[in-house]
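Here is a short tour for a reader new to this structure. Take a look at the chain, then read on.

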Amino acid sequence: MPTLNWIGKEAVVNHDKEVPFKLLKKVKSQSVGENSHNLIIHGDNLEALKALMPYYVGKIKCIYIDPPYNTGNEGWVYNDKVNSPKIKKWLGKVVGNEPTDLCRHDKWLCMMYPRLKLLRDLLRDDGAIFISIDDNEHCHLKMILDEMFGIENFVTNIIWQKKYTQSNDAKYFSSTHDFIVCYAKNIKNADFKINLLERTEKQNARYKNLDNDPRGPWMTQPLHAKSGNDKTYTFTFQNGVKWKPPAGTFPRYSLDTLRKAEMNGEIWFGAKGTAVPRLKKYLNEMKDGVIPKTIWLYDEVGSNDDAKKELKNVFDDNPFATPKPTKLLKTIFKISSGKDDIVLDSFAGSGTAGHSILDLNKEDGGKRKFILVEMEDDIAKNITAERIRRVCKTNEYSDGFEYCELTKPLFDENGQIEKECDFNQFATYIYFTETQTNIDKAKINKNFIGEYSDTHFYLIYKEKGKNVLTKTFLRQLKKDGARKIVYADRCMVDDDILEEYNIVFKQIPYEVKVY
Ligand SMILES: C[S@@+](CC[C@H](N)C(=O)[O-])C[C@H]1O[C@@H](n2cnc3c(N)ncnc32)[C@H](O)[C@@H]1O
């Protein structure tokens with residue numbers, strides 16, 4: 001399979017592993033309600049996604065992101081702390097504002113690669129990711145997604161008509177669409193599916209009942225098709241009408257099917273009874289919905305202008321330049337999530353994803369949860385969170401959200417555990433690094449933090465100097481033969497006794513794995 005190379009690739013392919021693990025801290029004054037399980041995180045999504053990992057790995061059903069398109073006019077900054085001299089030279093600099101600055105493509109790829117890797121790991125095995133993008137990076141994005149997700153997991157490229165007016169001052173073409181690229185985490189997972197969309201009134205209106213058929217409204221389809229088996233035939237209907245497929249086409253149905261359809265009154269010969277016969281297809285036999293198409297028109301899912309109008313309904317002025325319409329995101333969430341699923345948008349901007357989830361839940365009685373991440377302080381507080389606050393209030397939605405900031409790294413510069421990290425947070429992290437799965441908090445019982453693959457995990461983490469594995473601690477453990485891993489600062493038990501209890505001692509912080 002062809003792969004893409006760019007300057008800096010080697011330095012970022014495993015950068016997601018080097019990103020320090022930070023803790024999430026709830027900011028009560030910015031949050032709305034209690035225990036809604038919706039999250040708005042203020043911070044760089046590279047660190048935020050990493051911080052989410054011990055809680056949400058493999059749990060997100062649908063990810064939608066709308067990253068900088070790298071148009072050359074956005075002024076975004078590439079400042080990931082990658083330890084490569086070449087990349088360090090770039091850090092903090094506003095990314096090339098000349099579309100001819102080739103280096104800006106390298107930077108965009110360096111920025112996206114580790115974030116996409118973390119997003120992939122957060123996805124559920126039957127989940128999918130949808131990414132808005134335009135011509136500037138579409139082909140690069142497709143190539144790195146093929147490499148990261150596997151080419152077999154590519155689902156489709158949706159074309160979204162973002163604009164209906166024509167810009168006659170455009171240099172060559174007036175751009176009226178964006179792409180939305182979709183990949184499954186694992187297309188072979190039997191539970192992976194794209195949900196049908198409900199039939200629109202416009203689609204239903206195509207079905208009429210011109211002959212008062214008791215089976216209800218119908219539409220017709222030709223009896224021929226462009227391809228088929230070679231056995232062509234001429235059919236004479238009981239009313240004397242003779243039918244044969246037009247030159248170069250084939251009968252769509254067998255003779256037997258046609259005969260039965262005629263007997264059942266399912267052939268339509270036009271209002272005067274003399275037209276070319278066609279087969280009736282009844283509305284009540286149609287699937288409950290329609291399979292989504294790959295072209296989404298503005299009058300079905302909204303345009304950029306509609307998105308700005310929606311935002312203006314929430315804030316009197318327009319505080320954000322590039323929002324997406326809620327109809328567009330609702331369509332994505334409808335086809336890709338169930339009513340109890342979690343969705344994530346790590347380039348949240350004005351918070352359209354959160355707004356869309358709240359509206360969608362109201363429409364279909366769902367209980368979906370959202371996680372939004374926004375880096376800019378002013379946007380996160382005053383636009384992303386404020387929009388959700390206002391939408392909840394105006395619509396009397398009972399849901400709220402927890403607003404979180406990223407705190408200090410879990411390990412300080414000397415490798416010591418950050419003092420603010422409490423037992424549950426540390427246990428969650430330890431369990432995740434040991435098992436790559438999320439802890440079940442209900443199972444935490446004193447020092448026992450969970451089990452996985454016949455191994456039991458324990459954590460002794462109370463006070464500095466007192467986190468010691470002693471014989472007294474050992475006596476509380478069952479001698480049941482199960483392998484036990486105990487994390488503590490020190491161990492005062494001899495190796496032969498540890499062996500007798502089938503215990504592996506791991507010293508904090510040195511043996512705590514860094515994910
Ligand atoms: C194109 S906007 C998204 C608009 C959004 N879909 C909406 O409907 O409002 C991209 C957003 O991502 C944010 N962003 C860019 N880089 C980020 C990063 N590394 N972490 C978190 N947010 C980031 C930007 O500040 C901007 O608000």
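## Domains and overall build

This is a predicted model. The domain assignment splits the chain into three parts: domain 1 (9-198 + 291-409), domain 2 (201-285) and domain 3 (423-507). Domain 1 is written as two segments, 9-198 and 291-409. The centres of domain 2 and domain 3, taken over C-alpha atoms, are 72 Å apart.

The chain has 515 residues, and 33% of them count as buried. Its C-alpha trace spans about 100 × 65 × 50 Å along the principal axes. The secondary structure comprises 16 helices and 25 strands. Many contacts reach across the sequence. Take the contacts between residues at least 6 apart in sequence: 70% of these join residues at least 24 apart.

## The largest nonpolar core

Which residues have the most contacts inside the largest nonpolar core? They are Ile40, Ile63, Tyr64, Leu122, Val343, Ile430 and Leu459. The core holds 99 residues in total. Helix 5 (residues 103-122) supplies the largest share, with 10 residues. Domain 1 (9-198 + 291-409) and domain 3 (423-507) each give this core at least three residues. In soluble globular proteins, nonpolar side chains tend to be buried together.

Ile63 offers a closer view. Setting aside neighbours within four places in sequence, Ile63 is in contact with Leu119, Leu123, Ile129 and Leu344.

## A three-stranded sheet

One open sheet is built from 3 strands in the order 8-14-13, with antiparallel pairing. Its edges are strand 8 (218-222) and strand 13 (267-268), and each of these pairs on one side only. Strands of a sheet pair through backbone hydrogen bonds, either parallel or antiparallel.

How many bridges join strand 8 to strand 14? There are 5, and the two strands run antiparallel. Strand 14 covers residues 278-282. One residue pair can be picked out here: proline 222 has arginine 278, in strand 14, as its bridge partner.

## Around the ligand

The model also includes a ligand, with 17 residues around it. Which of them come nearest? Phe347, Gly349, Ser350, Thr352 and Met375 do.

The shell is mixed in character. It divides into 7 nonpolar, 5 polar and 5 charged residues.

Technical notes
Residues are numbered from 1 along each chain as its sequence is written. This is a predicted model: local features need pLDDT of at least 70, side-chain atom pairs count only at pLDDT 80 or more; totals for chains, interfaces and linings use all residues. A residue is near a molecule or strand if its C-beta atom, placed from the backbone, lies within 6 Å of it. Ala, Val, Leu, Ile, Met, Phe, Trp, Tyr, Cys and Pro count as nonpolar, Asp, Glu, Lys and Arg as charged, and the others, Gly among them, as polar. Helices (H or I, at least four residues) and strands (E, at least two) are DSSP runs, numbered from the N terminus. A residue is buried if 20 or more other C-beta atoms lie within 10 Å of its own, exposed if 12 or fewer, and partly exposed in between; C-beta atoms are placed from the backbone. Two residues are in contact if their C-beta atoms, placed from the backbone, lie within 7 Å. A nonpolar core is a set of buried Ala, Val, Leu, Ile, Met, Phe, Trp, Tyr and Cys residues joined through C-beta atoms within 7 Å. Domain bounds come from an automatic or database domain assignment. Two strands pair if DSSP finds at least two bridges between them.
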